[in-house]
Amino acid sequence: MTFDELGLGPNVLKAVKEAGYETPTPIQAQAIPHVILGGDVTGIAQTGTGKTAAFVLPMIHRLARGRARARMPRCLILAPTRELAAQVAENFEKYGKYNKLSMALLIGGVSFKDQDRLLMAGVDVLIATPGRLMDQFERGKLLLTGVETLIIDEADRMLDMGFIPDIEKICSLLPPKRQTLLFSATMPPEITRLAEKFQTLPKRVEVSRPTQTADTITQYVVKIPSNDDKAKRTALRRVIESCEVKNGIVFCNRKREVDVVVKSLNKHGHDAAAIHGDLPQAYRTQTLERFRDGDLKLLVASDVAARGLDVPDVSHVFNYAPPPKDEDYIHRIGRTGRAGRTGESYTIVSPGDEKAWAGVLRMIKKDVAEFTPEGLAEELADLPPDETRRSRAKGRGGRGRDRDRGGRSREREDQPREEAPAETREPAHEKPERESGEKRERRSERNRDRKRKDDDLILQPAADGVKGFGEHVPDFLKR
Ligand code: AMP
């Protein structure tokens, strides 16, 4: 099948050709003709399957007819995170370059003044995160009665982030006669219910979940004999130094790990920067841009912050540890070896990671070669115990669990699921009265500062000398 057979107009086809695509991906081939005809689609597909173009291309085609009216967008696209929303916007620009369509973006970190001016003039497409959209709607800055098509991208992530009530509210504000496209990597019961409630006879398009890694990626596992953080960081550096890295992404399972790894890499002369949900939006955007432009060699990321981000041509992926969810391994290493290029991935596995690694191997059904950088084994054997761990034990005053001052277990904060970008960690639907976007941003900033202080407390040695266990680190803590 070729793109010419899908029913797209010449302007869209020209842009697709310039993007270098020769054949539509399965989700594009199945969804595009149906969307062009105005039908609803439930697309079960994850990033990397070409799903963004599967809705952006026919949308541009459809929007080419008709005109936008002031404050009344014609197409509304909801995305769970700012980065994903910005990425959809980029796709619109790329594929819509030969169609005169206007677009506004309602996400944190983008000046609302400029977007409001665009809305006032009338936009064809409005791309937004649900929280921001509701804020602006409630301020009376927006009319949703002109929306002809609603697109919900990454619906299951919306569910994880507590956005479903917002989405239901938004759906109830739209004209009942409209086209609704819903894309989700998985279909948990809540999303199935959402689809049943808000779609009309949708065409179900399912693209099989990749459980196979691309052959263009050479995978390695780096096994280390210790669970010590310092040993892991040393192993990571040695692996990086033994490869010819043009640019690489280092994936960590926890936000705090991201910060510590970046600090360690920088300290040892590596060009690395962090991206995770607790960092200010402006910093995240700037870091990503630097990485895309080739001005930054190593991007250290959490899964949530990096998911769905389209960074073409990455030479290496490093897993600081196997991911907690097996299928994230495919997402992660799929950042390299794209579009026929070759790439390498390295996963560091300590004894404590063995179980997670076994899960990954079961899923990919492939053997992964072991790699040990020269001299690493000897270096690890000579390492003194990790200072960070010792001081953490001291700072904790000898309590066996990692607890904050309120006695709450800190472990929960470290779970990857909690790593949603700051704006999404405060589902506004829980409050009867909505805060303004600015107020909300300020509050997240305060929370972030507070959390950073908490982290500092843990990472720094107790100023007033030995506390709790003193120099002794009990075995269960090391484990
Ligand atoms: P997505 O699943 O939308 O995140 O797309 C993943 C990547 O596939 C992006 O880099 C797109 O530019 C690329 N892509 C989308 N459609 C095609 C196609 N038909 N042929 C080749 N690459 C594509």
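**Reading a ligand site in a predicted model**

Me: Which residues come nearest to the ligand?

Reply: A residue is near a molecule if one of its heavy atoms lies within 4 Å of it. Here 14 residues surround the ligand, and Tyr-21, Gln-28, Gly-48, Gly-50 and Thr-52 come nearest. This is a predicted model, in which local features need pLDDT of at least 70, side-chain atom pairs count only at pLDDT 80 or more, and totals for chains, interfaces and linings use all residues. Residues are numbered from 1 along each chain as its sequence is written, and side-chain values use heavy atoms, with hydrogens and water left out.

Me: Which atom of Thr-52 lies 2.5 Å from an oxygen atom of the ligand?

Reply: A polar contact is a pair of N or O atoms within 3.5 Å. For Thr-52, a polar side-chain atom lies 2.5 Å from a ligand oxygen atom. Two other residues use the backbone: an N or O atom of Thr-23 is 2.9 Å from a ligand nitrogen atom, and one of Thr-49 is 3.0 Å from a ligand oxygen atom.

Me: How much of the accessible area of the ligand does the protein cover?

Reply: Accessible areas come from the Shrake-Rupley method with a 1.4 Å probe. On its own, the ligand has 500 Å² of such area, and the protein covers 78% of this.

Me: How many residues in the chain are buried?

Reply: Buried means under 20% relative accessible area (1.4 Å probe, protein chains only). Of the 479 residues in the chain, 54% are buried. The accessible surface of the chain is about 21,800 Å², and carbon and sulfur atoms account for 50% of that surface.

Key
Polar contact = N/O pair within 3.5 Å; in protein donor to acceptor, adjacent residues only side chain to side chain. Buried < 20%, exposed > 50% of the residue type's maximum accessible area, 1.4 Å probe, protein only.
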